[in-house]
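Subject: Structure handover

Hello,

Here is the structure I said I would pass on. Please open it next to this email and follow along.

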Amino acid sequence: MLKNSIDVCPSGGGVGAFIEGIDLAELDESGAGTLRSALGEHGVLFFRDQNIAPEAHIAMAERFGGVNVNRFFGHVEGQPQIAEVRKEPDQKANIGGGWHTDHSYDQVPAMGSILLARETPPAGGDTLFANMYAAFDSLSDGLKATLEGLNAVHSSRHVFGAKPKNPDQREALKGRIGNAEAAQQDAIHPVVIKHPISGRKALYVNPGFTLHFEGWTEAESKPLLDYLYQNAARPEHTYRFQWANGSIAFWDNRATWHYAVNDYHGHRRLMHRITVEGVPVGR
């Protein structure tokens with residue numbers, strides 16, 4: 001596969017790019033380098049018609065780092081490196097139905113995930129992505145300076161732990177997520193990070209897993225966090241990706257949020273996700 005056969009086409013929205021002229025089953029190191037640079041620039045890469053086998057899915061992920069085996073999700077039978085994101089026709093709750101950044105609760109957050117659509121509903125089931133470069137760039141100089149001096153506390157306890165914030169949601173996801181005893185850790189990260197690939201500054205807090213600013217109470221933190229979340233989710237910072245069987249989204253957790261839209265009740269949606277290990281995030 002020639003490097004110059006790959007076309008990177010911006011999505012036309014606030015984040016992301018479509019990648020054309022590539023067969024991910026035959027991804028080589030040169031192609032992976034091109035995709036790595038594009039990921040750092042655009043935050044999420046979209047691919048169409050990539051009906052790759054599980055072994056090729058894993059091989060692709062390993063071009064970018066080690067595989068992070070998610071401790072809360074169920075996995076594809078015989079493939080522990082591939083998490084299963086599934087919603088059956090009779091199920092009401094979905095996984096990831098709110099703005100979040102995967103693994104910000106870990107001391108070393110995962111780089112990102114490669115999500116492959118295996119079975120999609122006839123309509124709906126889109127995923128929204130938001131641009132954390134733009135979320136930071138759009139703030140005033142004064143607020144930027146304030147945020148650059150702050151850290152934030154992130155946790156998985158209230159989502160995956162034994163005492164979740166939303167017990168009804170947990171019950172609705174029974175059998176699809178578990179291992180609550182593993183949700184014991186918190187992590188502290190800078191509120192504004194320097195992206196490891198692009199070198200750009202990105203906002204690194206999210207509604208799913210950020211609890212409060214370090215040294216602040218949750219009540220003190222809430223008004224500013226709410227403002228940051230509202231600003232980050234502005235339409236001009238986002239893109240809504242429509243799935244089809246064989247579509248792939250490869251997102252970078254350090255540069256994006258995502259939100260799985262739950263609007264396809266009565267239909268099955270099956271996705272295979274591989275998460276790629278990252279590096280410590282810093283200023």
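Below is what was found in it, taken part by part.

The model is a predicted one, so please keep that in mind while reading.

The three-stranded sheet

A convenient place to begin is strand S8, residues 127-131. Five of its five residues are buried. Thr 127, Phe 129 and Asn 131 lie on one side of S8, Leu 128 and Ala 130 lie on the other, and both faces are covered.

S8 has two pairings to look at. With strand S14 (residues 238-241), S8 is joined by four bridges, and the two run antiparallel. With strand S16 (residues 256-260), S8 pairs over five bridges, again in the antiparallel sense. Ala 130 helps to line up the strands by eye: this residue stands opposite Thr 238 in S14 and opposite Trp 257 in S16. Asn 131 has Thr 256 as its bridge partner in S16.

Together these strands make an open sheet with the order S14-S8-S16. S14 and S16 stand at the edges with a single partner strand each, so one side of each has no neighbour in the sheet. On average, neighbouring strands here are turned by 20° against each other, direction ignored. As background, strands of a sheet pair through backbone hydrogen bonds, either parallel or antiparallel.

The start of the chain

Strand S1 (residues 7-10) and strand S2 (residues 17-20) run antiparallel and are joined by four bridges. One of the facing pairs is Asp 7 with Glu 20 in S2. The hairpin of S1 and S2 has six residues between the strands, and Gly 12 in this hairpin takes a positive phi near 90°.

S2 also pairs with strand S3 (residues 44-47), this time in parallel, through two bridges. Phe 18 has Phe 46 as its bridge partner in S3. Between S2 and S3 the chain passes through helix H1 (residues 29-42), and this β-α-β crossover is right-handed.

Helix H2

Which residues of helix H2 (residues 54-62) are buried? They are Ala 56, His 57, Ile 58, Met 60 and Ala 61. Strands S4, S6, S7, S15 and S17 are among the elements that cover them.

Salt bridges

How many salt bridges does the structure hold? The number is 13. Side chains of opposite charge can pair when their charged atoms come close. Three of these pairs are described here.

Arg 268 and Glu 88 meet through their side chains at 2.9 Å, N to O. Arg 268 lies in the loop between S16 and S17 and Glu 88 in the loop between S6 and S7, so the pair ties together parts that are 180 residues apart in sequence. Arg 268 has a relative accessible area of 26%, so it counts as partly exposed. Both residues belong to a network of salt bridges that links Glu 84, Arg 86, Glu 88, Glu 119 and Arg 268.

Asp 137 and Arg 200 form a salt bridge with their closest N and O atoms 3.3 Å apart. Asp 137 is in helix H3 (residues 132-137), while Arg 200 is in the loop between strand S11 and strand S12, 63 residues apart. Asp 137 is partly exposed at 41% relative accessible area, and Arg 200 is partly exposed at 36%.

Asp 226 and Lys 222 meet in a salt bridge of 2.6 Å, N to O. Asp 226 and Lys 222 are four residues apart in helix H7 (residues 218-232), so about one helical turn separates them. An α-helix has 3.6 residues a turn, so residues three or four places apart point the same way. Asp 226 is partly exposed, with a relative accessible area of 34%.

The nonpolar cores

The largest nonpolar core has 29 residues. The members that touch the most others are Met 132, Leu 147, Val 191, Leu 203, Val 205, Phe 213 and Leu 228. At least two residues each come from S8, H3, helix H4 (141-147), S11, S12 and H7. H7 gives the most, with five residues.

Which residues does Val 205 contact, leaving aside its neighbours within four places in sequence? They are Ala 152, His 154, Val 191, Thr 210, Leu 225, Leu 228, Tyr 229 and Trp 257.

A second core, separate from this one, has 28 residues, including Ile 19, Leu 35, Leu 116 and Phe 250.

Regards

How values were computed:
Residues are numbered from 1 along each chain as its sequence is written. This is a predicted model: local features need pLDDT of at least 70, side-chain atom pairs count only at pLDDT 80 or more; totals for chains, interfaces and linings use all residues. Side-chain values use heavy atoms; hydrogens and water are left out. Buried means under 20% relative accessible area, exposed over 50%, partly exposed in between (1.4 Å probe, protein chains only). Two strands pair if DSSP finds at least two bridges between them. A crossover is right-handed if, with the strands pointing away from the viewer, the path from the first strand over the helix to the second runs clockwise. Contact means heavy atoms within 4.5 Å. Axes are lines fitted to C-alpha atoms, for helices over the stretch in contact, and angles run from 0 to 180 degrees between N-to-C directions. A salt bridge is a side-chain nitrogen of Lys or Arg within 4 Å of a carboxyl oxygen of Asp or Glu. A nonpolar core is a set of buried Ala, Val, Leu, Ile, Met, Phe, Trp, Tyr and Cys residues joined through side-chain atoms within 4.5 Å.
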